[in-house]
Amino acid sequence: MEFFTIILEKTSSRQVLPDNFVKMLDGHRPQNMKLRQADNGLRKLWDVKVVFDTDGSMYLDRGWKQFVRAYDLRHGYFLVFRYDGNATFTVKVFDTTMCRRRYQDDDDASMLCLFFLSIRLCLTPI
């Protein structure tokens with residue numbers, strides 16, 4: 001299942017999850033979820049506590065603020081969540097230019113290519 005959200009000022013401390021996602025869990029109420037920024041492979045998983053309020057709404061709580069800080073998520077950013085099962089979300093981040101954010105720890109083949117090209121240039125005799 002995939003869904004999106006837009007970062008608003010009030011979502012920086014906790015993030016509500018859509019009711020349809022909660023229904024998809026079919027009564028299962030996980031205590032924790034793991035978040036992964038989409039292109040960083042398996043290197044970094046963020047543990048986030050899940051809370052439910054009295055009307056059954058589900059929130060990403062403790063740990064969410066650290067995820068927001070680590071990826072510099074700002075007001076107006078658009079996030080696409082993909083539920084991978086096993087209480088894990090992969091999160092794609094789009095900034096206010098409507099472009100996908102790239103981070104230092106991304107698995108990016110073009111960056112790897114530039115790295116090897118720079119090594120080749122350094123090793124080439126002048």
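Is Asp 72 buried or partly exposed? In this predicted model, Asp 72 counts as partly exposed, because its relative accessibility is 31%. The residue is taken up again below, together with its salt-bridge partner, after an outline of the fold.

**Overall architecture**

The protein chain has 126 residues, of which 37% are buried, and its secondary structure comes to three helices and seven strands. Read from the N terminus, these elements follow the order β-β-α-β-β-β-α-β-β-α. Among the contacts in the protein chain with a separation of 6 or more, 55% are made by residues that stand 24 or more positions apart. The accessible area of the protein chain is about 8,400 Å², and carbon and sulfur atoms supply 56% of that area.

**Strand pairing**

Strands E3 and E4 pair in the antiparallel sense, with four bridges between them, and within this pairing Met 33 has Val 48 of E4 as its bridge partner. Strand E4 is also joined to E5, again in an antiparallel arrangement, by three bridges; here Phe 52 is matched with Met 58 of E5. The hairpin made by E4 and E5 has five residues between the strands, and Gly 56 in this hairpin adopts a positive phi near 95°.

**The nonpolar core**

The largest nonpolar core holds 26 residues, and those that touch the most other members are Phe 21, Leu 35, Leu 60, Trp 64, Leu 73, Phe 81 and Phe 89. Two or more residues come from each of helix H1 (19-24), strand E3 (32-37), strand E4 (46-52), strand E5 (58-60), helix H2 (64-70), strand E6 (78-85) and strand E7 (88-94).

Two of these residues can be followed through their contacts. When residues up to four places away in sequence are not counted, Phe 21 touches Met 1, Phe 3, Met 33, Met 58, Tyr 83 and Phe 89. Met 33 and Met 58 have already appeared as residues in the strand pairings, Met 33 with Val 48 as its partner and Met 58 as the partner of Phe 52.

Leu 73, by contrast, is found in the loop between H2 and E6, and it counts as buried because its relative accessibility is 8%, under the 20% limit that defines the buried class. With neighbours within four places in sequence left aside, Leu 73 is in contact with Ile 7, Trp 64, Phe 67, Val 68, Leu 79, Val 93 and Tyr 103. For one of these contacts, Val 93, the separation from Leu 73 is 20 residues in sequence and 8.1 Å in space, taken from C-alpha to C-alpha.

**Salt bridges**

The count of salt bridges comes to six, and three of the pairs are set out here.

| Pair | N to O distance |
|---|---|
| Arg 36 and Asp 84 | 3.7 Å |
| Asp 72 and Arg 74 | 2.7 Å |
| Arg 82 and Asp 84 | 2.8 Å |

Arg 36 and Asp 84 meet through their side chains; because Arg 36 belongs to strand E3 and Asp 84 to strand E6, this pair ties together parts that are 48 residues apart in sequence. Arg 36 is buried, with a relative accessible area of 13%, whereas Asp 84 is partly exposed at 31%. Asp 84 also forms a salt bridge with Arg 82, a residue that is partly exposed with a relative accessible area of 37%. Arg 36, Arg 82 and Asp 84 are thus linked in a network of salt bridges.

To return to the opening residue, the side chain of Asp 72 meets that of Arg 74 in a salt bridge. Arg 74, like Asp 72, counts as partly exposed, Arg 74 with a relative accessibility of 46% and Asp 72 with 31%.

**A nonpolar surface patch**

Not every nonpolar side chain is covered: Phe 4, Ile 6 and Leu 8 form a nonpolar patch on the surface, and together they have about 280 Å² of accessible area. Phe 4 lies in strand E1, which spans residues 2-6. With a relative accessible area of 52%, Phe 4 is classed as exposed, since that class begins over 50%.

Conventions
Residues are numbered from 1 along each chain as its sequence is written. This is a predicted model: local features need pLDDT of at least 70, side-chain atom pairs count only at pLDDT 80 or more; totals for chains, interfaces and linings use all residues. Side-chain values use heavy atoms; hydrogens and water are left out. Patches are made of residues with over 30% relative accessible area and no salt bridge: like charges are joined within 9 Å, nonpolar side chains (Val, Leu, Ile, Met, Phe, Trp, Tyr) within 5 Å. Accessible areas come from the Shrake-Rupley method with a 1.4 Å probe; for residues, only the protein chains shown count as cover. A salt bridge is a side-chain nitrogen of Lys or Arg within 4 Å of a carboxyl oxygen of Asp or Glu. Buried means under 20% relative accessible area, exposed over 50%, partly exposed in between (1.4 Å probe, protein chains only). A nonpolar core is a set of buried Ala, Val, Leu, Ile, Met, Phe, Trp, Tyr and Cys residues joined through side-chain atoms within 4.5 Å. Contact means heavy atoms within 4.5 Å. Two strands pair if DSSP finds at least two bridges between them.
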